[in-house]
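Welcome, and please open your viewer before reading on. We will go from stop to stop, with something to select at each one.

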Amino acid sequence: MRLNHKIIALTALLAVGMAMTACGGSASGSTASSAASSTSASSVALSSAAEEQTGAVQPIAQGTLEEMKSDSYKLAADLTAVKDGQLTMTVYSYDAYEKANIDSLKEGDVIQTHDQGDTTVTEITVSSIERDTENGYVTINGGVEEGGLELCTDHDVYRTLTFDDYPVYYKVGELTLPLADDVSVSDTSADPQAVAVITEGKAAVEEMLNETLDNWTCLNTTVFTENGQVSGINRIWVP
């Protein structure tokens, strides 16, 4: 049980209705935002309907790789290749839950989570639950150290929490999308106070990424898409 967490320095830009993320991705101005977020407003409704059918508290519904090919998302991801105007990445996600569901969670309830590093769903029966309401933490079944689950508030939802204060990420899969003609990259990874280095345009972005591709990882990178094209990439400093 760990209710003496340090106040989280990261601000994963995850809002209700935005649920997809990555292995530790980033967003502009955050220390580790890895929420690959759909712009679809139906995800919370889908999650609530599923909970009514199964009786288990479920994470907010995620977008699928197929949906990402044509919709608009914020993805935390590892960048693996850039060629011929196409960006290939490994997309990760983490679990976020509607606040009301976690606030009402009690012993004997069941909560679903992805704790195997992939899309496998684990169901946890709550045998103990402790709350640090002042700081917004919830520890279930002793927390991560005892094979349980730890959550923290993040804007209007709860999200998973692990030892290093990052969410518990799991791999969703590989995705290749075209770069938009006016794609823009903002890079502030040099240090915590770095002024953003901006690169704009498909050709310039492809050249720049290929020079430094190994350093664009899910711990510091967020990819923004619009209608199935990469519209922007942010890389931030992480400790």
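## A buried pair

Both Asp154 and Arg159 are buried. Select these two to begin, and keep in mind that you are looking at a predicted model. Asp154 and Arg159 form a salt bridge, and their closest N and O atoms are 3.4 Å apart. Side chains of opposite charge can pair when their charged atoms come close.

Stay with Arg159, which lies in strand 10, residues 157-160. How much of Arg159 is accessible? Its relative accessible area is 1%, so with the limit for buried set at under 20%, Arg159 counts as buried. Now add Asp95 to your selection: Arg159 and Asp95 are 64 residues apart along the chain, yet their C-alpha atoms are separated by 5.8 Å.

## Stepping back

Zoom out and show the whole chain as a cartoon. You can look for four helices and 14 strands. The protein has 239 residues, and buried ones make up 52% of them. If you switch on a surface, the exposed area is about 10500 Å², with carbon and sulfur atoms supplying 48% of it.

Contacts across the chain are worth a thought here too. Taking contacts between residues at least 6 apart in sequence, 61% join residues at least 24 apart.

## Two further salt bridges

How many salt bridges does the structure hold? There are seven, and the pair at the start was one of the salt bridges. For another, select Glu66 and Lys69, whose closest N and O atoms are 2.8 Å apart. Are these partners buried or exposed? Glu66 counts as exposed because its relative accessibility is 54%, and exposed means over 50%. Lys69 is partly exposed because its relative accessible area is 45%, which falls between the limits of 20% and 50%.

Next, select Lys106 and Asp109. This salt bridge has its closest N and O atoms 3.3 Å apart.

## Into the largest pocket

Rolling a probe the size of a water molecule over the atoms shows where empty space is left. The largest pocket has a volume of about 210 Å³. Which residues should you select to find its centre? Of the 15 residues that line this pocket, Gln62, His114, Thr119, Val121 and Tyr170 are the closest to the centre.

Then colour strand 5 (110-113) and strand 11 (169-188), as each supplies at least two residues of the lining. Colouring the lining by residue type gives seven nonpolar residues, eight polar ones and no charged ones.

## Along strand 11

Follow strand 11 to Ser186, which lies in that strand. Ser186 counts as buried because its relative accessibility is 18%, and buried means under 20%. To see what surrounds this residue, select Ala196, Val197, Ile198, Ile233, Asn234 and Arg235: leaving aside residues up to four places away in sequence, these are what Ser186 touches. Another measure to try is the gap to Thr199, 13 residues away along the chain: the C-alpha atoms of Ser186 and Thr199 are separated by 6.8 Å.

## The packing of helix 4

Select helix 4, residues 202-212, and pick out its buried residues: Val205, Glu206, Met208 and Leu209. What do they pack against? Their partners are strand 2 (73-83), strand 3 (86-94), strand 11, strand 12 (197-200) and strand 14 (229-236).

## Three loops to finish

Begin with the loop between strand 2 and strand 3, where Asp84 lies. Check the backbone here: Asp84 has a positive phi of about 55° although it is not a glycine. Asp84 is exposed because its relative accessible area is 64%, and exposed means over 50%.

Move on to the loop between strand 13 (221-226) and strand 14, and select Asn227. Asn227 is not a glycine either, and has a positive phi of about 50°. With a relative accessible area of 62%, Asn227 is exposed.

Our last stop is Gly143, in the loop between strand 8 (137-140) and strand 9 (149-154). Is Gly143 buried or exposed? Gly143 is buried, with a relative accessible area of 0%. Leaving out residues up to four places away in sequence, Gly143 touches Gly148, Leu149 and Glu150. For a final distance, draw a line to Glu130, 13 residues away along the chain: the C-alpha atoms of Gly143 and Glu130 are separated by 9.4 Å.

Note on methods. Residues numbered from 1 in each chain as written. Predicted model: local features only at pLDDT ≥ 70, side-chain atom pairs only at ≥ 80, totals over all residues. Heavy atoms only, no water. 1 Å grid on protein atoms, 1.4 Å probe; cavity = no way out; pocket = protein on both sides within 12 Å on 5 of 7 lines; lining within 4 Å. Points joined across faces, edges and corners; volume = space filled by probe spheres on them. Nonpolar A, V, L, I, M, F, W, Y, C, P; charged D, E, K, R; others polar. Salt bridge = Lys/Arg side-chain N within 4 Å of Asp/Glu carboxyl O. Buried < 20%, exposed > 50% of the residue type's maximum accessible area, 1.4 Å probe, protein only. Contact = heavy atoms within 4.5 Å. Areas by Shrake-Rupley, 256 points an atom, 1.4 Å probe, with all protein chains shown as cover.
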